[in-house]
There are 2 protein chains.
Amino acid sequence: MTIRVLLADDQALVRGALAALLGMEPDIEVVAEVGSGDEVVAAARRTGAEVCVLDIEMPGMDGIAAAGEVARELPGVRSVIVTTFGRPGYVRRALDAGASGFLVKDTPATELAEAVRRVHAGLRVVDPALATESLFGGDNPLTDRERDVLRAALDGSPVSTIAGSLHLSPGTVRNYLSSAIGKTATSTRVEAARVAQQRGWL
Amino acid sequence: MTIRVLLADDQALVRGALAALLGMEPDIEVVAEVGSGDEVVAAARRTGAEVCVLDIEMPGMDGIAAAGEVARELPGVRSVIVTTFGRPGYVRRALDAGASGFLVKDTPATELAEAVRRVHAGLRVVDPALATESLFGGDNPLTDRERDVLRAALDGSPVSTIAGSLHLSPGTVRNYLSSAIGKTATSTRVEAARVAQQRGWL
DNA sequence: ACACGCCCATGACAGTTGTCATCCCGGACC
DNA sequence: GGTCCGGGATGACAACTGTCATGGGCGTGT
């Protein structure tokens, strides 16, 4: 009696490699592999997956959103988030969305299978270093609009462009940016956007 | 008689997964795994690796620099670059440094082993889509100093900070930025920095 | 010797950005 | 009803940024 696992990662090589890694465990069987978050629920339902291993950074629906959809649509199916970036805000968002596990890709390869087993048994698994950091790191102080303008400011576009894409007045955009710069303790909109992103606030 | 492979990737989980993937091939043996570019040559020499599979994005020495060191220090040992980002400039730089292969992490998992075999046999392997793009994408038009200021401008720091960290006059920094903005057809320093990075010009 | 390109700098100018005060509107909460 | 907070906006001001002209020094080719 094996644990049926679904794998979601947009990088085919990494996806295949993870499948090979998990496939070496006698008690684990990879029953589905998908390359985007949108396909997760359908594939999990079709193949009867019991645990979903989800990357966050994917085109279309990201791993956190996919975990949320899985939790709503397929009760009993658990999710483990596996991601490159150990951003404090991600952990909170992932667990709130209904994920049961959270690992960063620096963790030793042997621990993935162990995490899958634990999650399958109904336990929660969170990278310990990240767990404390996310508790201490505090909450997201940004308002909805501040997040919007920061996302639009990430690539360094001028205020006029941001205002156009959000259908706001340039002056309003500058107000939100100024407020976000204050909350992130930075001095330019791009610094504020990067800091916010690194903390998982966007 | 198997092909002896060294794996370098800073993400332990991915590294282990790639090892599992390659380990499934009967004619390939993973003889070393390292987490940074600095360890590559020593580990390759110690274990008698014949092919090095190198990620570009690593702390310390990156995969391209490591491939260059391997080519200089261990003639006969070949390198395959495996990276997340298919940036046109990377291909050129990697091949110039002495790498024999270049793959992006979107490629199907089955092709990695095949690439290792080809490279071991003395052939060159380059992702076909990227090969044409890098030929057409043209060369890096930036001067050394322009690259320096763009790297320092990536996170959105104000000119005064960039000038301080490079020991240059603020006016000089603005001149280089202005020139780089022109060459990248952008309108702010951060846009220029991001465009240059995406093309592998930094 | 000369031209060329890169490095480094200064000064001036217009345009953009960050800050602040101030306003209006609509919920939510006491 | 009053207070607070978020969304949206305007106007003014100082600081920063992008552009351009102009200068000098240094190394490489012809």
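A residue is near a molecule or strand if one of its heavy atoms lies within 4 Å of it. In this predicted model, 19 residues surround DNA strand D on that basis, and 18 residues surround DNA strand C. Helix 9 of chain A is a good place to start, since it gives two or more residues to the surface near DNA strand C and supplies five residues, the largest share, near DNA strand D.

**Chain A at a glance**

- Chain A holds ten helices and six strands.
- The C-alpha trace of chain A spans about 60 × 30 × 30 Å along its principal axes.
- Of the 202 residues in chain A, 51% are buried.
- If you take the contacts in chain A with a separation of 6 or more, 63% of them join residues 24 or more positions apart.

**Helix 9 of chain A**

- This helix runs over residues 170–184, which makes 15 residues. From first C-alpha to last it reaches 21 Å, close to the 21 Å expected at 1.5 Å a residue.
- Its buried residues are Val173(A), Leu177(A), Ala180(A), Ile181(A) and Thr184(A). Looking down the axis of helix 9, these buried residues fall within an arc of 105 degrees, so they line one face of the helix.
- The spacing fits a simple rule: an α-helix has 3.6 residues a turn, so residues three or four places apart point the same way.
- What covers the buried residues of helix 9 includes helix 7 (144–153), helix 8 (159–166) and helix 10 (189–198) of chain A.
- Turned away from the buried side, helix 9 shows the exposed residues Asn175(A) and Gly182(A). Asn175(A) turns up again below, as its side chain has an N or O atom 3.0 Å from a base nitrogen of DNA strand C.
- At the N-terminal end, Ser169(A) acts as the cap: a side-chain oxygen of Ser169(A) sits 3.1 Å from the backbone nitrogen of Gly171(A).
- Just after helix 9 comes Ala185(A), with a positive phi near 60 degrees.

**Around DNA strand C**

- The closest residues to DNA strand C are Arg174(A), Thr143(B), Arg145(B), Ser169(B) and Tyr176(B).
- Sugar or phosphate accounts for 57% of the DNA strand C atoms within 4 Å of the protein, and bases make up the rest.
- On the base side, there's the Asn175(A) pair: a side-chain N or O atom and a base nitrogen, 3.0 Å apart.
- On the phosphate side, a backbone N or O atom of Arg189(A) lies 3.1 Å from a phosphate oxygen, and a side-chain N or O atom of Thr143(B) is 2.7 Å from a phosphate oxygen.
- Helix 9 of chain A, helix 7 (144–153) of chain B and helix 9 (170–184) of chain B are the elements giving two or more residues to this surface. Helix 9 of chain B has the largest share, with five residues.
- By class, the surface near DNA strand C has five nonpolar, eight polar and five charged residues.

**Around DNA strand D**

- Here the closest residues are Thr143(A), Arg145(A), Ser169(A), Tyr176(A) and Arg174(B). Ser169(A) is also the residue that caps helix 9 of chain A.
- For DNA strand D, 56% of the atoms within 4 Å of the protein belong to sugar or phosphate, with bases as the rest.
- Three phosphate pairs are worth a look. A side-chain N or O atom of Arg145(A) is 2.4 Å from a phosphate oxygen, a polar backbone atom of Asp144(A) is 3.5 Å from a phosphate oxygen, and a backbone N or O atom of Arg189(B) lies 3.1 Å from a phosphate oxygen.
- Helix 7 of chain A, helix 9 of chain A and helix 9 of chain B each supply at least two residues to this surface.
- By class, the surface near DNA strand D has five nonpolar, nine polar and five charged residues.

**Two buried loop residues**

- Gln11(A) lies in the loop between strand 1 (3–8) and helix 1 (12–23) of chain A, and is buried with a relative accessible area of 10%.
- Gln11(A) reaches across to chain B: not counting residues up to four places away in sequence, it touches Thr84(B), Lys105(B) and Asp106(B). The side chains of Gln11(A) and Thr84(B) make a polar contact at 3.5 Å.
- Ser100(B) is in the loop between helix 4 (88–97) and strand 5 (101–104) of chain B. At 10% relative accessibility, Ser100(B) counts as buried, because the cut-off is under 20%.
- Leaving aside neighbours within four places in sequence, the contacts of Ser100(B) include Arg78(B), Val119(B) and Leu123(B).

Terms used: Residues numbered from 1 in each chain as written. Chains lettered and ligands numbered in written order. Predicted model: local features only at pLDDT ≥ 70, side-chain atom pairs only at ≥ 80, totals over all residues. Heavy atoms only, no water. Helix = DSSP H or I, 4+ residues; strand = E, 2+ residues; numbered from the N terminus. Expected span 1.5 Å × (residues − 1). Buried < 20%, exposed > 50% of the residue type's maximum accessible area, 1.4 Å probe, protein only. Arc of directions from axis to C-beta. Contact = heavy atoms within 4.5 Å. Polar contact = N/O pair within 3.5 Å; in protein donor to acceptor, adjacent residues only side chain to side chain. Nonpolar A, V, L, I, M, F, W, Y, C, P; charged D, E, K, R; others polar.
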